[in-house]
Amino acid sequence: MLSVFMHKSLQTDSILINDFLRLAPIVSNKLSGPPRSCSYRQKDAKLRMSEQECKRYKHNEPATNSSAHLCANCSRAESNSASRMPHEQVHNKNTAKEGIFVVNPVSLVQSPNFVTDIPLWQPVTLHNYNLIYGNITHSILQPNLYPNYFHRPGQENHRQVHNFAKTYNDGEASINSLRHWEKLMNENTMPGFNFTVMSYNVLAQDLLDQHMYLYASHKKESLKWHNRWKNLMSEIRHFKPDILCLQEVQKSHLETHFAVLEQLGYKGLYKQRTGARTDGCAIYYKHNVLQLVEYTTVEYNQPNVRILDRDNVAIIAKFSPIKFPTRKFVVATTHLLYNPRRQDVRLAQIQLLLTEVDRIAYNPESGYYVPVIVTGDLNSTPKSAVYKFITEGKLQYENLSSRSLTSDESGPKTGKKFLPAFLRITDQCQHANLLPTRQNNANISRTEELRLIELKHSERKNRQNDRYNMDEDDKKLFSSGILTHRLALKSVYEHGVDGNEEGTTFQNEWISVDYIFFSHPQSDVDQVILLERYRLPTKAELGDLRIPNGQLGSDHFSLVAKFQLQI
């Protein structure tokens, strides 16, 4: 392919050889179908590709495990076995684990397997862009295809990108043109602490193997953990987030793979799902930039509560910038129940989560909440009751259908009773037993708080649920038919309307279920402002693209946002 490109393009004396060399890997990765044999010969022997050059421009996946070298002396593909990672150790435990960990360096960290090249999804700056673009499209691509290959700055064309994605439905289409930074506010307007948050469902390999039928149309090489891990780490290395929120982190991979994050300057918090689950949630943070003030974990499975009988979990952490230790903010991450028919379970889980966020984020000295960022895979679309409740701060659930929480279905309704009163979680997403201390401006320790709240936790000794004799004022806190919260959360992304919806994962169709929410300012200080977001592609743009593939390591897209904590 490179030979043809150089042979035709050399006729244009205004393009330099350097441009060919810079562009060749990009062109190689943009073309569809398998690579052509390297035994192709030109009449001009000077244009013949050597074996070394062939390896340099191998098809689709530079420096990834699933790549294949094409020999210049034959058409046989040679497996890149040198880049294969050792088989991961499997030592799952069925008990829930939590804690802050810093893993000592292991030999695997020093392995060349962790050296990753620039990922294909990273935008590439080209020399003399417009001239090169014109010559490539007219010299080498088919006339009916060449308008769709390259994203030209300032010239969005969703229809063309959609055609591109549908043409290359083998899972290897590049999304270079679909994702880029969108600046929303000038970071220099006010002084503050700037930081980047990344949220990513990384797809635990155990879950992939258990549900292989969901990935029947994917390339098998793209589903192997050593290939997916390389692409996941390449993406994380590229963005270098200050806070990394992960879901579906397999516990057996913590020391064998995620330990490499320590070498990049991170410390981590991990919470495994309860029961027999082998994955969980994690929050990593750069310890030379942020100080961990406190953290807690949340278990949604509560005894004797049918709507809260699933093993999902969450982590809530409070940080302060090392340079501004008096300023604090809270970051939470979670992975809610998947079952598409149980919106009621997800709403109960989010009510419990926001109640715990309310406890950690409340500042008794000011009476306000410190800034809050909530991330994760909620398995709920922007049209769902869960999303509406989070972003609007209010949901009247009384007349919604009992499981789907929609108003356009017949059948049983939710009614006024949602969570049982013995959990002491109010319809305002607060712990009822802590309200008197707030009203009296009392400042009690976290240990004392844990003695007062009623939530069961597998690693804490809980008090027995008491059957309170509630007075009339107390009864108003429960079973009102309306849920509210005081955190004033807004989504980083807009999510689109009228066919322009963004997609974060594929579930029979491209939908959004992953989010980063941040709180609106409630006071003149400690505000968190959204500066930039890494754009999500729309459903129309994604077309028939499938992930994971040779470029992306998960079946979800990562979400990345840059914030400023005003000082």
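Which residues in helix 10 meet Val386, Phe389 and Ile390 in helix 11? In this predicted model, the residues of helix 10 that meet these three are Gln343, Arg346, Leu347, Ile350 and Leu354. The two helices pack at an angle of about 25 degrees, and their axes are 9 Å apart. Because an angle under 35 degrees counts as roughly parallel, helix 10 and helix 11 are described as roughly parallel to each other. The crossing in which helix 10 passes helix 11 is right-handed.

The sheet associated with these helices is an open one, formed by six strands in the order 9-10-11-14-20-17 with mixed pairing. Its edges are strand 9, covering residues 290-299, and strand 17, covering residues 489-491, each of which pairs on one side only. On average, and with direction ignored, neighbouring strands of this sheet are turned by 20 degrees against each other. Helix 10, which spans residues 343-361, packs on the sheet and touches strand 9, strand 10, strand 11, strand 14 (372-377) and strand 17, while the direction of helix 10 makes about 150 degrees with that of strand 9. Helix 11, spanning residues 385-392, likewise packs on the sheet, where it touches strand 17 and strand 20 (514-519), and its direction makes about 20 degrees with that of strand 20. Within the sheet, strand 10 (residues 313-321) and strand 11 (residues 329-335) run antiparallel and are joined by six bridges; in this pairing Ile316 of the former stands opposite Ala332 in strand 11.

A further set of pairings involves strands 5, 6, 7 and 8. Strand 6, residues 243-250, has eight of its eight residues buried and is therefore largely enclosed by the rest of the structure. Strand 5 (residues 192-201) pairs with strand 6 in the parallel sense over five bridges, and Ser199 stands opposite Cys245 in strand 6. Strand 6 is also joined by six bridges to strand 8 (residues 279-286), the two running antiparallel, and here Cys245 stands opposite Ile283 in strand 8. Cys245 thus has a facing residue in the pairing with strand 5, namely Ser199, and another in strand 8, namely Ile283. Strand 8 pairs in turn with strand 7 in the antiparallel sense over seven bridges, with Lys286 in strand 8 as the bridge partner of Tyr266. Six of the seven residues of strand 7 (residues 266-272) are buried, so that strand 7 too is largely enclosed by the rest of the structure. The hairpin of strand 7 and strand 8 has six residues between the strands, and in this hairpin Gly275 takes a positive phi near 75 degrees.

The largest nonpolar core contains 59 residues, and those with the most contacts inside it are Phe195, Ile243, Phe319 and Phe563. Helix 8, residues 225-239, gives the most to this core, contributing six residues. When neighbours within four places in sequence are left aside, the residues in contact with Phe563 include Phe193, Asn194, Phe195 and Val197, together with Ile373, Val492, Ile516 and Phe518, and also the run Val528, Ile529, Leu530 and Leu531. A second core, separate from the largest one, has 48 residues, among them Tyr300, Val386, Cys429 and Leu455. Val386 is also one of the helix 11 residues that helix 10 meets.

Several backbone features lie in loops and depart from the usual pattern, since most residues other than glycine have a negative phi and most peptide bonds are trans. Arg424, which is not a glycine, has a positive phi of about 60 degrees and is found in the loop between strand 15 (394-396) and helix 12 (435-439). With a relative accessibility of 6%, Arg424 counts as buried. His495 likewise shows a positive phi, near 75 degrees, in a residue other than glycine, and its place is in the loop between strand 17 and strand 18 (505-506). His495 is buried, its relative accessible area being 4%. Finally, the peptide bond that joins Ile547 and Pro548 is cis, with omega about 5 degrees, and Pro548 lies in the loop between helix 15 (539-542) and strand 22 (559-566).

Notes. Residues numbered from 1 in each chain as written. Predicted model: local features only at pLDDT ≥ 70, side-chain atom pairs only at ≥ 80, totals over all residues. Heavy atoms only, no water. Pairing = 2+ DSSP bridges. Helix = DSSP H or I, 4+ residues; strand = E, 2+ residues; numbered from the N terminus. Axes fitted to C-alpha atoms, helices over the stretch in contact; angles between N-to-C directions. Contact = heavy atoms within 4.5 Å. Buried < 20%, exposed > 50% of the residue type's maximum accessible area, 1.4 Å probe, protein only. Core = buried A, V, L, I, M, F, W, Y, C linked by side-chain atoms within 4.5 Å. Parallel < 35°, antiparallel > 145°, perpendicular 65-115°, else oblique. Left-handed = near helix turned anticlockwise from the far one by under 90°.
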